[in-house]
Amino acid sequence: MALTTFSVRMDESLKRQFDALCSDFGMNATTAFNVFARAVVRERRIPFEIQASDDITRQDGMQAFMALRAQAKENGVQDLTLEEINEEIRKSRYGEETE
C-alpha cells in the first residue's frame, strides 16, 4: 500500500507536549495519529476517551486497563493473541492495512 504524508499545523508548545506524552505511551506522534485514524475509520466514530494526568497512579492505570479490556470485549477482539496484537501495532507503525 502506498504511503502519503499528512501535515498538521499546531502550536509549538502543544507539539512538544504531545511528543512527550506519546513517548510516555511508547510510541511517536506518527504512530499515535495512525492508531487514531484506524480506530475512527473502523468504528466510524471517535472510539475512545483520551485522558492523561501528571500524576497517574497504579489504580488509574488499572482502571484504564479494565476500560480497554471491556472495550475489546465489546468490539469482539478480546481474544487476540500477543502475536496478533504485535502485528496490529506493526501495521499501524508502517501504515499497512489491517484485515
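## A pocket between two domains

Let's start with the walls of the second largest pocket: sorted by class, its lining holds 13 nonpolar, 8 polar and 5 charged residues. The model you are looking at is predicted, and we will come back to how confident the predictor was. The volume of this second largest pocket is about 780 Å³. There are 26 lining residues, and those closest to the pocket's centre are Phe6, Thr30, Phe33, Asn34 and Ala37, which makes them a handy place to centre your view.

Which helices build the lining? Helix H1 (12–24), helix H2 (29–43) and helix H4 (82–94) each provide at least two of the lining residues. H2 contributes the most, with 9 residues. Why does the second largest pocket lie between domain 1 and domain 2? Domain 1 spans 12–43 and domain 2 spans 58–94, and both of them give residues to the lining, so the pocket lies between the two.

Now let's walk along two of these helices, beginning with H1. Its 13 residues cover 19 Å from the first C-alpha to the last, close to the 18 Å expected at 1.5 Å a residue. Look at the start of H1, where Asp11 places a side-chain oxygen within 3.0 Å of the backbone nitrogen of Ser13. At the other end, Gly26 follows H1 and has a positive phi, near 85°.

H4 can be read in a similar way. This helix also has 13 residues, and its first and last C-alpha atoms are 18 Å apart, close to the 18 Å expected at 1.5 Å a residue. Just after H4 comes Gly95, with a positive phi of about 70°.

Finally, how far can you trust the picture? Across the protein the mean pLDDT is 83, and 89% of the residues reach 70 or more. Confidence is highest in H1, at 91, and lowest in helix H3 (residues 58–74), at a mean of 83. As a rule of reading, predicted coordinates should not be taken in detail where pLDDT is low.

Methods. Residues numbered from 1 in each chain as written. Predicted model: local features only at pLDDT ≥ 70, side-chain atom pairs only at ≥ 80, totals over all residues. Heavy atoms only, no water. 1 Å grid on protein atoms, 1.4 Å probe; cavity = no way out; pocket = protein on both sides within 12 Å on 5 of 7 lines; lining within 4 Å. Points joined across faces, edges and corners; volume = space filled by probe spheres on them. Helix = DSSP H or I, 4+ residues; strand = E, 2+ residues; numbered from the N terminus. Nonpolar A, V, L, I, M, F, W, Y, C, P; charged D, E, K, R; others polar. Domains from an automatic or database assignment. pLDDT = per-residue confidence, 0-100. Expected span 1.5 Å × (residues − 1). Polar contact = N/O pair within 3.5 Å; in protein donor to acceptor, adjacent residues only side chain to side chain.
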